[in-house]
Amino acid sequence: MDAPAELVKLLQLSDRREPAVTEIAVWVALGIIQGRLRPGQDLNSVQFAQQFGTSRTPVREALQILESDGLVEMRARKRPRVASFSPEQIREIFFLRAHLMSALAQKAAEKATDSDIAELNAIVESLRRYGSVGNDDRYLWVHYNFFDAIVTISGNGTARGILNSLFLQTLPVRQALSRPARLAESLDYAELILEAFQRRDGQMASLMVSRSIQAALEAIERGGLPSTERSVLSRAGGDWSAGPSRSNRTGGLSNVAAVE
């Protein structure tokens, strides 16, 4: 099965000795991400063992890996099932991602080397390429690489595991982010974040990362989450919803600063 290398990395499967564990974990994870396996749906270990021609032991190990990342719920004397998240839990996850990523972005921008900037620029160029052809699957994973590169530049390895787990938990609700208008908005933010790094402007990098994650949450809310109450992000940290409209892009960061 072809699986995004980023997903294998997120699930920390590259060092697994049992190929069946990786195959099963990836199949189930992709099913959850793509909506083939729905929240709350039971996962039949016996059926999986038959499907993949293995014993139940690799199935159990694969599901335990997914449980550790919040994608699967393991219950005593009951079948495992796909994890379910309430709207408020989803908002809390985005709240945590925004605050942690924004702190790391500020540190990363202030210490970034020319080589780091070149790497971020190459990733943004890939985002432009995939966005221009509407390849939202690859755009998603390259965008993950963009944020992961920022974490690497920050030098905070502990935060990576936390952020990876939070990111995985957002994937089942990200269908709303594949719309053309949303990809364009996401790319605008990536370019503004890159510009902040080029200026070594930690505060602006932090702000743009926060707004980028807030904008993703708002797109998801428009796609189905309740919209009658303001998100945790807005209640906790002020209104971050002012996005980089096309009319504001000409002036780059100077116009965004004016909006703020």
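User: Let's start with arginine 77. Where does arginine 77 sit in the chain?

Analyst: Arginine 77 falls in the loop between strand S1 (72-73) and strand S2 (81-82). Keep in mind throughout that this is a predicted model.

User: How should I read its backbone, and is arginine 77 buried or exposed?

Analyst: Here's the general idea: most residues other than glycine have a negative phi. Arginine 77 goes the other way, with a positive phi of about 60° although it is not a glycine. As for the side of things facing out, anything over 50% relative accessible area counts as exposed, and arginine 77 is exposed because its value is 85%.

User: Which phi does glutamine 12 have, and where is that residue placed?

Analyst: Glutamine 12 has a positive phi too, near 55°, and again the residue is not a glycine. Its place is the loop between helix H1 (5-10) and helix H2 (19-34). With a relative accessible area of 54%, glutamine 12 is exposed.

User: On to salt bridges. How many does a search of the whole structure find?

Analyst: The search turns up twelve. To read any one of them, check the closest nitrogen-oxygen distance against the 4 Å cut-off. Take arginine 200 and aspartate 114: their closest N and O atoms are 2.9 Å apart, and the two form a salt bridge. This pair links distant parts of the chain, 86 residues apart, with arginine 200 in the loop between helix H9 (180-198) and helix H10 (202-222) and aspartate 114 in helix H6 (residues 114-132).

User: How exposed are arginine 200 and aspartate 114?

Analyst: Arginine 200 is partly exposed, at a relative accessible area of 32%, while aspartate 114 is exposed at 63%.

User: What does a local salt bridge look like, say arginine 128 with glutamate 125?

Analyst: There the closest N and O atoms are 2.8 Å apart. Both residues belong to helix H6, and they are three residues apart, about one turn of the helix. Arginine 128 is partly exposed, with a relative accessible area of 28%, and glutamate 125 is partly exposed as well, at 41%.

User: And glutamate 195: what is its partner, and is glutamate 195 buried or exposed?

Analyst: Its partner is arginine 199, with 3.1 Å between the closest N and O atoms. The cut-off for buried is under 20%, so glutamate 195, at 18% relative accessibility, counts as buried. Salt bridges can also share partners: Lys9, Asp148 and Arg160 are joined into one network that way.

User: Asp148 and Arg160 make me curious about the interior. Which residues line the largest cavity?

Analyst: Those two are in the lining, along with Arg97, Met101, Tyr144, Phe147, Val151, Leu163, Asn164 and Phe167. In terms of character, the lining splits into six nonpolar residues, one polar and three charged. Helix H5 (87-111), helix H7 (136-154) and helix H8 (157-170) each contribute at least two residues.

User: How much space lies in the largest cavity, and how many cavities of 30 Å³ or more are there?

Analyst: The largest cavity holds about 90 Å³ of space, and the structure has one cavity of 30 Å³ or more.

User: Helix H7 came up there. What does histidine 143 touch?

Analyst: Histidine 143, which is found in helix H7, touches Leu127, Ser186 and Ser212, leaving aside residues up to four places away in sequence. Histidine 143 is buried, with a relative accessible area of 15%. For a sense of how the fold brings the chain together, histidine 143 and leucine 187 are 44 residues apart in sequence and 9.0 Å apart in space, C-alpha to C-alpha.

User: Last one: where is the confidence highest, and where is it lowest?

Analyst: It peaks in helix H6, at a mean of 97, and is lowest in helix H12 (residues 253-259), at a mean of 40. Across the protein the average pLDDT is 85, and 83% of the residues score at least 70. Two stretches deserve a look: residues 226-242 stay under 50, and the model gives them 36 contacts beyond four places in sequence. Residues 245-251 are also below 50, with eleven contacts beyond near neighbours in sequence.

Key. Residues are numbered from 1 along each chain as its sequence is written. This is a predicted model: local features need pLDDT of at least 70, side-chain atom pairs count only at pLDDT 80 or more; totals for chains, interfaces and linings use all residues. Side-chain values use heavy atoms; hydrogens and water are left out. On a 1 Å grid over the protein atoms alone, a cavity is a set of points where a 1.4 Å probe fits but cannot get out, and a pocket is an open set with protein on both sides within 12 Å along at least five of seven lines; lining residues have an atom within 4 Å of a point. Grid points are joined across faces, edges and corners, and a volume is the space filled by probe spheres set on the points. Helices (H or I, at least four residues) and strands (E, at least two) are DSSP runs, numbered from the N terminus. Ala, Val, Leu, Ile, Met, Phe, Trp, Tyr, Cys and Pro count as nonpolar, Asp, Glu, Lys and Arg as charged, and the others, Gly among them, as polar. A salt bridge is a side-chain nitrogen of Lys or Arg within 4 Å of a carboxyl oxygen of Asp or Glu. Buried means under 20% relative accessible area, exposed over 50%, partly exposed in between (1.4 Å probe, protein chains only). pLDDT is the predictor's confidence in each residue, from 0 to 100. Contact means heavy atoms within 4.5 Å.
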